[in-house]
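Got the viewer open and the selection box ready? Let's walk through this one stop by stop.

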Amino acid sequence: MASYSVLFIVCLAIVPLQAVTVPFTSCNTGDPVPATVRMNCSSLLTDTCVLKKGHTYLLQAEFVPQSPSVDVESSVAWRSWVEMPLPGQDSEACKGRLPCPLTAGTPVTFTYPLHIENFWMRRRYPMVWKLEDDDTDSIILCFNIKTFITS
Ligand SMILES: *[C@@H]1O[C@H](CO)[C@@H](O)[C@H](O)[C@H]1NC(C)=O
């Protein structure tokens, strides 16, 4: 009996976490927002996605582009009193993160694997995610989510 419980706990630890719907807020008035944001957070504390150091989390933001785009640049930043870009992130969204070119009115999902580095501080981090058209610099998508980095 006891060994079965141990086996069960081991399985739970290995199986990737299920994605949950993460509440978000808009950036600036008029910026396009996603339909839904999902991420396989370690847990969701009210509206805060808990992320553990050394793990990778998959962010999935579903949205409907308002205009066509050939090339898209993504960015993610910490927002405190200034916005600080997260170090070491890949900005070329069309390389496997988005089905480019984007067509106005056709729903798409932006998928980004976010690795939580061990040297990031253990604290509460509001994150700003942004997609911009590489040619026109117009904002395609922008939203804030609340995260908490833990060890
Ligand atoms: C989140 O999901 C991705 C994709 O399925 C997986 O690679 C990753 O390990 C998962 N993260 C956690 C912490 O389970």
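Which residues does Leu 102 touch, not counting residues up to four places away in sequence? Select Leu 102 and you should find Pro 65, Pro 68, Ser 69, Val 72 and Val 108 in contact with it, where contact asks for C-beta atoms, placed from the backbone, within 7 Å.

Before going on, some ground rules. This is a predicted model, so local features need pLDDT of at least 70 and side-chain atom pairs count only at pLDDT 80 or more, while totals for chains, interfaces and linings use all residues. Residue numbers start from 1 along each chain as its sequence is written.

**Stop 1: around Leu 102**

Leu 102 sits in the loop between β8 and β9. Leu 102 counts as buried because 24 other C-beta atoms lie within 10 Å; the cut-offs are 20 or more for buried, 12 or fewer for exposed, and partly exposed in between, with C-beta atoms placed from the backbone. Now draw a distance to Gly 54: the two are 48 residues apart in sequence, and C-alpha to C-alpha they are 33 Å apart in space.

While you are in this loop, select Cys 100 and Pro 101. The peptide bond from Cys 100 to Pro 101 is cis, with omega near -5°. Pro 101 also belongs to the loop between β8 (83-85) and β9 (108-115).

**Stop 2: the whole chain**

Zoom out and colour by secondary structure. The protein has one helix and 11 strands, taken from DSSP runs (H or I, at least four residues, for helices; E, at least two, for strands) and numbered from the N terminus. Read along the sequence, the pattern is α-β-β-β-β-β-β-β-β-β-β-β. The C-alpha trace spans about 60 × 35 × 25 Å along its principal axes. Buried residues make up 20% of the 151 residues. Of the contacts between residues at least 6 apart in sequence, 63% join residues at least 24 apart.

Next, select 24-147. UniProt, in an unreviewed entry, places the feature "domain: MD-2-related lipid-recognition" there; such annotations may be inferred rather than shown by experiment. That stretch is 0% helix and 48% strand, and its end C-alpha atoms are 11 Å apart.

**Stop 3: β11 and its partners**

Select 139-150, which is β11. Which strands pair with it? Pairing here takes at least two bridges found by DSSP.

- Strand β2 (residues 25-26) pairs with β11 in the antiparallel sense over two bridges, and the bridge partner of Ser 26 is Phe 143.
- Strand β5 (residues 48-52) runs parallel to β11, joined by five bridges; Cys 49 stands opposite Thr 147.
- Strand β10 (residues 124-133) is antiparallel to β11 over nine bridges, and Tyr 125 stands opposite Thr 147.

In a regular strand the side chains alternate between the two faces of the sheet.

Now slide to the hairpin of β10 and β11, which has five residues between the strands. Select Asp 137 there: phi is near 65°, a positive value in a residue other than glycine. Asp 137 counts as exposed because it has 8 C-beta neighbours inside 10 Å.

Thr 46 makes a good side trip. Thr 46 has a positive phi of about 55° although it is not a glycine, and it lies in the loop between β4 (43-45) and β5. Buried or exposed? Thr 46 counts as exposed, because it has 6 C-beta neighbours inside 10 Å.

**Stop 4: the largest nonpolar core**

Show side chains for Met 39, Ala 61 and Leu 141, the residues with the most contacts inside the largest nonpolar core, which has 22 residues. A core here is a set of buried Ala, Val, Leu, Ile, Met, Phe, Trp, Tyr and Cys residues joined through C-beta atoms within 7 Å. The elements giving two or more residues to this core are β3 (36-39), β5, β6 (56-63), β10 and β11. The largest share, five residues, comes from β11.

Stay on Leu 141 and list its contacts: leaving out residues up to four places away in sequence, Leu 141 touches Pro 32, Pro 34, Ala 61, Phe 63, Phe 110, Lys 130 and Leu 131.

**Stop 5: the ligand**

Last selection: Pro 16, Leu 17, Asn 40, His 55, Thr 56, Tyr 57 and Leu 58, the residues around the ligand, each with its C-beta atom, placed from the backbone, within 6 Å of it. How does this shell divide into nonpolar, polar and charged? The split is four nonpolar, three polar and no charged, with Ala, Val, Leu, Ile, Met, Phe, Trp, Tyr, Cys and Pro counted as nonpolar, Asp, Glu, Lys and Arg as charged, and the others, Gly among them, as polar.

Definitions and conventions: Two residues are in contact if their C-beta atoms, placed from the backbone, lie within 7 Å.
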